[in-house]
Amino acid sequence: MEVFNDPNALPWLIPAGPLLAFLIITLLTNKSKLAPASDQREYGGHHPDYDGMLVPVVARYSRVVSVFIGLAGVIAALIISWMTLYNASQLHHIGQEALASSFVWMDTGATAFHMGVLVDPATVIMLVMVPIATLMIFIYSIGYMAHDPRQARFFALISLFAGAMLTLVVADNVLLFFVGWEIMGVCSYMLIGFWFEKESAYKAAIKAFTTTRIADVVMLLGIAYLYSITGTLSFREIMYNPAALDSLATTAPIIFGGWTVSAASIIGIFLIIGTVGKSAQFPLHVWLPDAMEGPTPVSAMIHAAAMVSAGIFSLIRLYPLFAAGGDPHHGILTEPLAFMAVVGAFTALLAATMAVAQNDVKAVLAYSTISQLGFMMAALGIGAYVAAAFHLITHAFFKALLFMAAGSVIHGMEHGEHHVHEHSHDLASPHPDGGTEGGSHFDPQDMRNMGGLRKTMPVTFWTFLIGGLSLSGLPIVTAGFWSKDEILADAWLVLDKYGSGAHALVFVLLALAAFMTAFYTMRQISLTFGGEARSEAAKHANLGQGVISFTMTLPLLILAVFAIAAGFVGVPTDFPILGPIFSPEYNAFHHLVIEALPLPEATAAYSSLPDYHPHAPPFNIVPVATSIVVALLGLWLGWLTYWRKPLKAGQKDPLEDALGPLHPVLQNRYYLDDLYERVFVKPSQWLGLQVIAFLDRGIIDAFLHLIARISTWLGDLIKVLNLWLIDGVGDGIPIAIFNIGGWLRRMQSGRVQLYLLLVLAAAVVIGIVLVLSAGA
Amino acid sequence: MIDVFGIDALSVLVFGPALSAFIVASLASLAPSKQLGRWVALALSLLLALLSIKVFADYQVAGLAIGDEQFIVTQDSPWFEALGARWTLGIDGISAVMVLLTGILTPLAILASWNIEDRSNMHLALLLLFETGSMGVFVAMDLMVFFLFYELTLVPMYFLINQWGSLPKSGVKFSGRFYASTKFMIYSFGGTLGMLLATQLIGWSSGTYNMADLTATWPLFRQGEALLGIDVSAVKALAFAGFFVAFCIKVPIWPFHTWLPDAHGEAPTAGSMLLAGIMLKLGAYGFIRLVIPLFPEVWLAEVVIIGVNVATCFAILSVVGIVLGAFAAFGQSDIKRLVAYSSVNHMGFVGIGIAVLAQTYAQIWSGSDPNADVQTAILAANGTVLQMFNHGLSSAGMFLLAGALYHKTHTRELSDYGGLWVKAPVFGGILLFTSFASLGLPGLNGFVSEFLIVRGAWPVYTALTAIAMIGLLFTGGYILKGIRAVLHGPFNMRWRDYNLELTPAELLAIAPLLVLMLLTGVYPNWILPIINTTVSAIFAGLAS
């Protein structure tokens, strides 16, 4: 086929596989059969009982075929990504050159809007990460969703999710990027609410969609603004084009003209707000912890491979715009950069404090995601472009691993709970109803019910440990260390040289957040896997045997390799001992990614633009020592508190005493959700009702009804007058007048339409008379 | 342009539906079978749909060839010579799009009313009669003919709501449909009163009703002089007001919208589909075709007290409609009224697009701002016309789905539904798709037009556009509220023994809408060049 031979057109096919899989499953292979809703095997788990009703559940062959089509789609994407990566490696100077093709999508006056694909260094790193992580999630879902009555629909939706993410990755313009961005939003809405009968699930879905939409409408304004100034939305024509960047940085904005900001700054902040929503940064972070209501593979998708990564990826894509007009490597931040630095660093610390007090195994991970995204955002804010990209990739791997391992834990706990249940039924429990009720209250995600799982679920334990240590940034061996260290190194460099306040803030807050990350990760590992089982379910927790167990274990093992190895592509050249081993000539990752930014030769002519290609920060002992110390200190404290003295069943978390009154505040997320509910949600609902009751009914319609009433009343008045006239004058009146009166009375039958017709006719007559008299 | 058996295609599009209506209505007395009437109505409307597609395609070819000319006139013969009105039909890119929309929606409306048993032939005949009215409006090139067809659309719609509207709620003696149909009629009729006067005034003083000629002559007519003893600009302002109010009611622009939730809520499914899908477009079309080219200087006139010009004032009302329409939809507990208010919300974007077009057009026409950004106005106008088309698709789809649900459950209360996705997976999937198209999800049709309008409005009405985003946000709010109430949550056991899935006829009726929504979202250039050519020609004509 032609398209396979054309390296420029090939990227079109990367999202095609999953998108096609979505269409095929939805339109053709998702077939259901009817089963009684009370049948636990067919329709169990997360679905309520419907007495005596038949419900559609996925047919067995449909389940198998749909799973295979979903897998085929994502495998095709993976293979084509690799082919594209190979093609990209054949380019002499990627960045200056890129694989690209486009077509006319929309006529706009004499010009046209082009839709296209682009493979540049930023795309390359995403093409390495996204397809692999997605494939792992797909494989994992085979087992995880094996008993769900709607598994075919699930595979259709995650295929669409993957397709949207890949569309966004290869997009060559902001609009196509936004298309992928929003479709992912919808997919996450549908998947968070996948078990849509559960109140918590659909509420979380609505919350996720609404919160991100707040940010998205602002982002849409930013896109419209950017388009109206530059006349294009193409990344190559804006982000690689110093002339366009310079004009944006020197144009006065259309609003907020009173402040001394540039159009680039306003557009930048609008676009960053989009990421604040998508990547769950304060104050729009509230949706992400609730998003774990969806099946666990979805959480992995949202937290690692797709959704939130897309937010940071958009910042990476648009970075040249944000930095235009400033020079972060000399301590001069533009408004968008400062905004990112402050929001990111603050969120990183805030979310880390909330993670410390959570008891739900997935909630801890959810807050850690928010916190880690804050790291990346702050890094971009201080100009640590490469470090942010690096952390994005390593984080995606270890977070996907952690979520799926946590999913295995939950699955194992549910399995254990079932086992205990069946066992108790075998014993002919005297209170079968009581037993069921107790079961429904059991929370398989609560870490206080776990403990000792390292014995029953060893593979999960070891892989979770690797992911957790990578998240904590265990020095040297884990990927998380290298990427976090680079962020701190960048911050320290500018802080040291220029005494930049923003860099100092970022350095301190991130170091604190890194310390807490190590602590709560160790707490989580200890509570889940350490000590002895704290419930019957935990004692019997396991994944069982066969396909389900295999498909849920394999992705963990593969991702565990990445969670360690991914760090070694970005070891600094001058790092003692390891530098010469892994980066003998240059830091491979840095060398590649920096090419996504405009060249110094091109930007030199424009005084408003910074040097986008600073050297990688030289080795400095302060940031390295800091990251080693905070990671080890956090892990050690966690080990001391939770692993060495494991929690007993029913025992209080030692942290509750240590933190005192602060603990409930952290556990309840600083009460931000309640605040939003009261300040935004309730008033909106009230206003919605008022608009109808007060404005539409009370004023506008009331006014119209008043007119109708006056017309009717006038009609009645004339009728009375007529009656009086006719009755009063009596027989003496000529017949003609009587006739006219009767005719008039017929007219005044009280129907408003008739009056209007009359008015209309009168108006026409008057109009014609006027016209004729004037013409004469 | 093609012809049908020697008759001009546009004339066939205008009279064909009326003739079909007559045939279908007379079948009622000839043949007792209702099924026959349905099939005949469907077949005839499908033929007309094919013809409208052919007209659209032909214009796409011909329109690109005529350069800066805007119209292709296919028919011009004496009609009402005493008045100087002529039977002139013609189309440009904007009417071609509307003709296509009308042609496609009518057979779908007939399919959606397949299950109506009560006087079914008459019901279908009225739908076809409505098609005549709207086709007439879209292809009329003569002001009198335009007015005639504009009023004609009211009659079938009034009877559809009045006779086939929803059943009375339990415990209420009278059905709301009587109130709704009367309100609809008075509102619309009262609104066109001034329009009739204005039409007469323009036609009498210019000696012609031809729209293309009037576009060139009427704005310049006796500038600075007196007419009927009054300053001509005051006369023109009054004439403007006549058109303005009539079209504002139809679009509807806030605060002229309160007829709409009642009419939509009570109308039968097919009635709502055509009402939202086509009838609202008549108003927007009137603005673009008549009010902007005929009264450029009035748009720039300052409104007393408020201190901004008329175009800006119109933009403000549109944005109020966007925001309050969204809030009102959010506050609804009745599914059809929720969808109805969504029209206020979506047509507000059409309104703001029209305001941008009007402002720029007037600035260039009057020379008050020769540097006015034509590119921005072209984008806004493209978006506006596309939004009219898109809203036609998605609102018709939404009403079809709401009607399908009402037909089976006989309730419109959102709280009576719940968890229906369990039993009706196909319905659920299609409802989600259509809802997200209505919400403006990128990748589906609504986004393209909304983006173009936002892009066009931003440099002209910056603050207003920003406020409109609140409306866009709450669009999400009410859409999700609707989905949640119908599909999510535990299944409401009241419907345990009901078949809630879409019937084959309903499925057939919505399928073309789904395809068009996706197609327009993925590749808008199947329809945009035809709009773009015409809009560009309007500005090119202005410059010369």
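Helix α21 of chain A, which runs through residues 479–498 of this predicted model, contains 20 residues. From its first C-alpha to its last it reaches 30 Å, close to the 28 Å expected at 1.5 Å a residue. The helix is mostly covered, since 17 of the 20 residues in α21(A) are buried. Just after α21(A) comes A:Gly499, whose phi is positive, at about 60°.

The interior of the model may be considered next. Its largest nonpolar core comprises 479 residues. Within this core, the residues with the most contacts are A:Phe161, A:Met165, A:Ala400 and A:Leu510. The helix that gives the most to the core is α17 of chain A (residues 385–426), which supplies 21 residues. Domain 1 (1–172) and domain 2 (199–418 + 450–659) of chain A both give residues to this core, and therefore the core lies between them.

One residue of the core, A:Ala400, may serve as an illustration. Its neighbours within four places in sequence are left aside here. A:Ala400 is then in contact with four alanines, namely A:Ala133, A:Ala300, A:Ala304 and A:Ala305, and also with A:Met136, A:Ile137 and A:Leu559.

A hairpin of strands provides another element of chain A. Strand β3 (residues 99–108) of chain A pairs with strand β4 (residues 111–119) of chain A in the antiparallel sense, over nine bridges. A:Asp107 stands opposite A:Ala112, a residue of β4(A). Two residues lie between the strands of this hairpin, and A:Gly109 takes a positive phi near 65°.

Terms used: Residues numbered from 1 in each chain as written. Chains lettered and ligands numbered in written order. Predicted model: local features only at pLDDT ≥ 70, side-chain atom pairs only at ≥ 80, totals over all residues. Helix = DSSP H or I, 4+ residues; strand = E, 2+ residues; numbered from the N terminus. Expected span 1.5 Å × (residues − 1). Buried ≥ 20, exposed ≤ 12 C-beta atoms within 10 Å, placed from the backbone. Core = buried A, V, L, I, M, F, W, Y, C linked by C-beta atoms within 7 Å. Domains from an automatic or database assignment. Contact = placed C-beta atoms within 7 Å. Pairing = 2+ DSSP bridges.
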